[in-house]
There are 2 protein chains.
Amino acid sequence: MRTAFYISDGTAITAEVFGHATLSMFPVEFEHKTLPFIESVDKALAIKATIDKVADSSGEPPLVFFTFVNPELSDIILSSKGVCYDFLSYASEIVKRELKVKPVPKVHRTHSIHEKTYDFRISAVNYALANDDGANIKDYDEADIILVGVSRSGKTPASLYLALQYGIKAANYPITEDDLEKGNFPKFLLEHKHKLFGLTIDPDRLASIRQERMANSKYASIRQCRIEVREVEMLFKRHRTPFLNSTKFSVEEISAKIIAEAGLSRNKY
Amino acid sequence: MRTAFYISDGTAITAEVFGHATLSMFPVEFEHKTLPFIESVDKALAIKATIDKVADSSGEPPLVFFTFVNPELSDIILSSKGVCYDFLSYASEIVKRELKVKPVPKVHRTHSIHEKTYDFRISAVNYALANDDGANIKDYDEADIILVGVSRSGKTPASLYLALQYGIKAANYPITEDDLEKGNFPKFLLEHKHKLFGLTIDPDRLASIRQERMANSKYASIRQCRIEVREVEMLFKRHRTPFLNSTKFSVEEISAKIIAEAGLSRNKY
């Protein structure tokens, strides 16, 4: 199998995201190796040796996506037997030409604690945890959004992702059978109606997720799942609560859709 | 202020990560706009109009980082007044030349539920939540890693990040004053000694974090924080538990360092 390296003087998250997106266009399997915090000549030389060894033993040069602030380290990687791509350099040339400003490279410029919105993100994570699964219904004034849906419709991972990545204070509340019988959202949700966003899910998928959690229960039965999903969707429609069916979407996709549809402000950069 | 657009037919996460990394090298402030799920000609034409409007009203062309599978959509964006960069195309040319394989572009190829490790990530999130803050000490057999440290040393965000991004089952346990008085890890941690990873923090920073949570308490006093940090570090050293000081690092950096030092396998791709 061909090897792909993602190398940087920082977390290498950018190298990995970029390299993975590029390689995912090809119908080829790769072994992925991420090497973060390569900040010294010694470390870079060790990586070069690793790349060369992979090239020699497999007979195929690895693909290497890298970025360094220090050009001395870049030169070491470029001298390896890998097919090396300094992926930010071309784009930064274009930006430099347009802005007529020189880049001022700094180590750890992204994904660091110095990003100005970092503290927002950490306090949003604390908020999302304290307000997960209806654990706390008194702090919804502070919420940017309140995800609602039946048990196991994907609310928790979406809340955490919104908080951790975007600094969005996302609470989530499970709509119970009791709520559905009463035919309405509880009062403390209605007070924040404009912050509600619904998640729904195909009954078959819901039943299989619940089955793993509580096998052969009424809770996990397909009949129960069908009733709950139908009733919660009716509730969303009646209140004009925006909602999306999470069945076929990843947590990244669900989060991006919620941000776009609800018009949330992101605290990312 | 100059505007930067990140546009894609998917989540636009890759466009955003790449564009942000490029722009972060320049000492210039940007207004960032992310536009995901641009999958139709109509939507692309609307975006082109938005870009042109920004260019006309500000007199400065926005910087546009974009990627589409459908070349018709790319052409629409390229015909706008922005400085447009189809950031994956150059890298994919290099890869194509090396692999001698044509790309097979598919929409939603990254950050989708079809990534083969997606289910790992969701079950790791459930694990991290159930095993947060010492809530459950019976399932450490299943843990990939157990983060330990005094209260508020950064364990929870790191556990969630490891789970959500990398599918790593990360538990975390707060070392209490009671544990420190006894001068040892509790027995149920010693049974999993090889899985322990310590987080420590500068006492000043710890005191200020605890102060926000419980103002003027003994818990938040600088003296108490100094004692706890000194004692927990002694404990880490005595057991040769790897540890890192989280004070100056983001959750991304802490996670990357833990993965590298503990040699964890990532379930990302």
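Chain A of this predicted model contains eleven helices and eight strands. The C-alpha trace of chain A spans about 70 × 45 × 30 Å along its principal axes. The radius of gyration of chain A is 24 Å, whereas a compact globule of 269 residues would have one near 18 Å. Of the 269 residues in chain A, 56% are buried. Among the contacts in chain A with a separation of 6 or more, 71% are between residues 24 or more positions apart.

Chain A meets chain B over an interface to which each chain brings residues: 77 residues of chain A are in contact with 77 residues of chain B. About 6900 Å² of area is buried between chain A and chain B, and carbon and sulfur atoms give 70% of that area. The polar side of the interface can be counted as well. Between chain A and chain B there are four salt bridges, and ten residue pairs are found in polar contact across the interface. On chain A, the elements that each supply at least two residues of the side touching chain B are the helices α1 (13-23), α4 (87-99), α5 (118-130), α6 (155-166) and α11 (251-262), together with the strands β2 (30-35), β3 (63-67) and β4 (83-86). Helix α4(A) gives the largest share of that side, ten residues. By residue type, the side of chain A that touches chain B divides into 42 nonpolar, 17 polar and 18 charged residues.

Particular charged pairs can be located at this interface. A:Arg121 forms a salt bridge with B:Glu252, and the closest N and O atoms of the pair are 2.7 Å apart. With the chain letters exchanged, A:Glu252 forms a salt bridge with B:Arg121, where the closest N and O atoms are 2.8 Å apart. This second pair crosses between chains, running from A:Glu252 in helix α11 of chain A to B:Arg121 in helix α5 (residues 118-130) of chain B. Are A:Glu252 and B:Arg121 buried or exposed? Both A:Glu252 and B:Arg121 are buried. Residues of the two chains also take part in a network of salt bridges that links A:Arg2, A:Glu60 and B:Glu98.

Over all chains, the structure holds 24 salt bridges. One of them is formed within chain A by the side chains of A:Lys218 and A:Glu177, at 3.7 Å from N to O. This pair links distant parts of the chain, 41 residues apart: A:Lys218 is in the loop between α9 (203-213) and α10 (222-238) of chain A, and A:Glu177 is in helix α7 (residues 177-182) of chain A. Why does A:Lys218 count as exposed? A:Lys218 counts as exposed because its relative accessibility is 53%, and the cut-off for exposed is over 50%. Its partner A:Glu177 has a relative accessible area of 33% and is therefore partly exposed. Another salt bridge in chain A joins the side chains of A:Lys187 and A:Glu191, at 3.1 Å from N to O. A:Lys187 has 62% relative accessibility, so A:Lys187 counts as exposed.

Two further residues can be followed in their surroundings. The first to consider is A:Arg210, which has its place in helix α9 of chain A. A:Arg210 has a relative accessible area of 0% and is therefore buried. Which residues is A:Arg210 in contact with, leaving aside its neighbours within four places in sequence? They are A:Val150, A:Ser151, A:Arg152, A:Tyr219, A:Ala220, A:Gln224, A:Cys225 and A:Glu228. For A:Tyr219 a distance can be given: its backbone oxygen lies 3.0 Å from a polar atom of the side chain of A:Arg210.

The other residue is B:Ser74, placed in helix α3 (residues 71-78) of chain B. B:Ser74 counts as buried because its relative accessibility is 7%, and the cut-off for buried is under 20%. With neighbours within four places in sequence left aside, B:Ser74 is in contact with B:Phe66 and B:Phe68. B:Ser74 and B:Asp86 are twelve residues apart in sequence, and their C-alpha atoms are 7.9 Å apart in space.

Conventions. Residues are numbered from 1 along each chain as its sequence is written. Chains are lettered from A and ligands numbered from 1 in the order in which they are written. This is a predicted model: local features need pLDDT of at least 70, side-chain atom pairs count only at pLDDT 80 or more; totals for chains, interfaces and linings use all residues. Side-chain values use heavy atoms; hydrogens and water are left out. Contact means heavy atoms within 4.5 Å. Buried area is the accessible area (1.4 Å probe) that two parts lose on being put together, summed over both. A polar contact is a pair of N or O atoms within 3.5 Å; within protein, one must be able to donate a hydrogen and the other to accept it, and residues adjacent in sequence count only if both atoms are side-chain atoms. Helices (H or I, at least four residues) and strands (E, at least two) are DSSP runs, numbered from the N terminus. Ala, Val, Leu, Ile, Met, Phe, Trp, Tyr, Cys and Pro count as nonpolar, Asp, Glu, Lys and Arg as charged, and the others, Gly among them, as polar. The radius of gyration is taken over C-alpha atoms; the globule rule is 2.2 Å times the number of residues to the power 0.38. Buried means under 20% relative accessible area, exposed over 50%, partly exposed in between (1.4 Å probe, protein chains only).
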